Amino acid sequence: MVKYFACVGLLKSSWDQVCIAFWERYPNPYSNHVLTEDIIFREVTPGNRLVSRRLLTKTNRAPRWMEKYLPVTMARHAYIIEDSIVDPQNRTMTTLTWNISHARMMSVEERCEYRINPDNTSWTEINREAWISSNLYGLSRAIQEFGLARFKTSVTKTMKGFEYVLAKMQGEIPSRTLAEHATERARETALAAKERAKDLASQAHKKQQYV
Amino acid sequence: MNSVGEGCTDLKREYDQCFNRWFAEKFLKEDRSGDPCTEMFKKYQHCVQKAIKEKDIPIDSVEFMGPNKEKPDS
């Protein structure tokens with residue numbers, strides 16, 4: 001069972017600027033959960049495309065109800081890989097991001113296509129898809145709900161992070177209240193989602209059979 | 001931003017600076033006149049790959065664009 005999610009994002013900056021920002025996006029005020037960032041593979045193909053692999057370490061923000069089911073020894077940090085292909089000729093960038101730790105508990109895979117916005121060629125469109133799945137017996141639905149809710153919050157942070165970095169690159173200083181407002185809204189969304197996932201978890205727990 | 005290898009952060013930052021300049025000024029303009037960052041990249045990679053092994057980070061045998069299979073909508 002897999003939860004699928006898709007959305008389109010818009011950045012009011014050129015595709016070139018967005019690609020430059022893509023490599024410079026960490027750290028930003030919305031990425032406190034990202035601890036380390038490393039390029040661990042990079043090559044320019046004969047077709048002049050840039051292929052890269054980035055390794056990220058993030059804090060593993062599991063809600064308390066989920067932590068009860070995690071073994072005590074499970075790592076507090078999550079490892080994520082992001083592969084990307086930048087095609088300067090076609091002006092497209094494709095990325096694939098997925099977690100390589102905690103994958104049996106919950107796997108989140110995200111695919112993005114960054115293209116020039118067809119309606120406004122000085123803007124960039126991001127087509128985003130995600131697949132969220134969990135194999136944990138009895139809890140997979142609750143975990144998937146949590147995963148989806150957290151992913152949506154992540155998307156908000158990602159876009160805000162991009163806007164921040166782009167504004168910085170273009171010499172504008174982003175307003176503090178904008179940042180605070182975004183953080184507050186992200187928090188509210190996360191809280192609401194937390195409650196829903198908690199309900200699902202307690203329902204699942206009541207039905208759970210002990211092996 | 002820090003590297004996963006504590007001792008590699010300086011090498012990473014040096015490489016990133018070189019890369020960002022090359023990316024914006026050459027690569028995106030489809031200027032294929034060669035990559036000035038290869039030496040820096042080698043030093044950085046040597047450091048970070050060692051750290052990855054030491055920390056047992058499971059990056060081996062992960063195909064590029066790895067799990068990119070078609071998945072059904074839920």
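This is a short talk on how chain B meets chain A in a predicted model, and on the salt bridges and backbone details that go with it.

Hi everyone, thanks for coming. Let me start with the interface.

The contact draws on 35 residues of chain B and 47 residues of chain A. The area buried between the two chains is about 3600 Å², and carbon and sulfur atoms give 64% of that. If you want to know where to look on the chain B side, Met1(B), Phe64(B) and Met65(B) lose the most area to chain A, together 19% of what that side buries.

Now for the polar part. Across the interface, 12 residue pairs are in polar contact, counting pairs with both residues at pLDDT 80 or more. Which elements of chain B give two or more residues to the side that touches chain A? They are helix 1 and helix 2 of chain B. The largest share, 7 residues, comes from helix 1 of chain B. By residue type, the chain B side divides into 21 nonpolar, 8 polar and 6 charged residues.

Let's stay with helix 1 of chain B for a moment. This helix runs over residues 9-25, so please find it on your screens. Its 17 residues reach 24 Å from the first C-alpha to the last, close to the 24 Å expected at 1.5 Å a residue. Its buried residues include Tyr15(B), Phe19(B), Trp22(B) and Phe23(B), and also Lys12(B) and Asp16(B). What do the buried residues of this helix pack against? On chain A, they meet helix 1 (15-24), strand 2 (34-44), strand 3 (50-59) and strand 4 (77-87), and within chain B they pack against helix 2 (38-54).

Keep Lys12(B) in mind, please. The count between chain B and chain A is 1 salt bridge, and Lys12(B) forms a salt bridge with Glu37(A), with the closest N and O atoms 3.0 Å apart. There is a wider setting here: Lys12(B) and Glu37(A) belong to a network of salt bridges that also links Arg25(A), Arg54(A), Glu82(A) and Asp16(B).

Two members of that network deserve a closer look. The side chains of Glu82(A) and Arg54(A) meet in a salt bridge, at 2.9 Å from N to O. Glu82(A) lies in strand 4 of chain A and Arg54(A) in strand 3, so the pair ties together parts that are 28 residues apart in sequence. Are these two residues buried or exposed? Glu82(A) has 4% relative accessibility and counts as buried, and Arg54(A), at 1%, counts as buried too.

Over all chains, the count comes to 15 salt bridges. I'll show you two more, which both involve helix 3 of chain A.

The first pairs Glu145(A) with Lys3(A), at 3.7 Å from N to O. This pair links distant parts of the chain: Glu145(A) sits in helix 3 (residues 140-169) and Lys3(A) in strand 1 (residues 2-11), 142 residues apart. The cut-off for buried is 20% relative accessible area. Glu145(A), at 13%, therefore counts as buried, whereas Lys3(A), at 22%, counts as partly exposed.

The second is a local one, between Lys160(A) and Glu163(A), at 3.4 Å. These residues are 3 apart in helix 3 of chain A, so about one helical turn separates them. Lys160(A) is partly exposed at 22% relative accessibility, and Glu163(A) is partly exposed as well, at 36%.

Last stop: the backbone of chain A. As a reminder, most residues other than glycine have a negative phi, and most peptide bonds are trans. Here are some places to check against that.

Where is the cis peptide bond? It runs from Tyr26(A) to Pro27(A), with omega near -5°. Pro27(A) is in the loop between helix 1 and strand 2 of chain A.

Then there are two residues with positive phi. Asn48(A) has phi near 60° and lies in the loop between strand 2 and strand 3 of chain A. At 7% relative accessibility, Asn48(A) counts as buried. His102(A) also has phi near 60°, and its loop runs between strand 5 (92-99) and strand 6 (107-116) of chain A. His102(A) is buried too, with a relative accessible area of 13%.

That's my tour. Thanks for listening, and I'm happy to go back to any of these places with you.

Technical notes: Residues are numbered from 1 along each chain as its sequence is written. Chains are lettered from A and ligands numbered from 1 in the order in which they are written. This is a predicted model: local features need pLDDT of at least 70, side-chain atom pairs count only at pLDDT 80 or more; totals for chains, interfaces and linings use all residues. Side-chain values use heavy atoms; hydrogens and water are left out. Helices (H or I, at least four residues) and strands (E, at least two) are DSSP runs, numbered from the N terminus. The expected span of a helix is 1.5 Å times one less than its number of residues. Buried means under 20% relative accessible area, exposed over 50%, partly exposed in between (1.4 Å probe, protein chains only). Contact means heavy atoms within 4.5 Å. Buried area is the accessible area (1.4 Å probe) that two parts lose on being put together, summed over both. A salt bridge is a side-chain nitrogen of Lys or Arg within 4 Å of a carboxyl oxygen of Asp or Glu. A polar contact is a pair of N or O atoms within 3.5 Å; within protein, one must be able to donate a hydrogen and the other to accept it, and residues adjacent in sequence count only if both atoms are side-chain atoms. Ala, Val, Leu, Ile, Met, Phe, Trp, Tyr, Cys and Pro count as nonpolar, Asp, Glu, Lys and Arg as charged, and the others, Gly among them, as polar.
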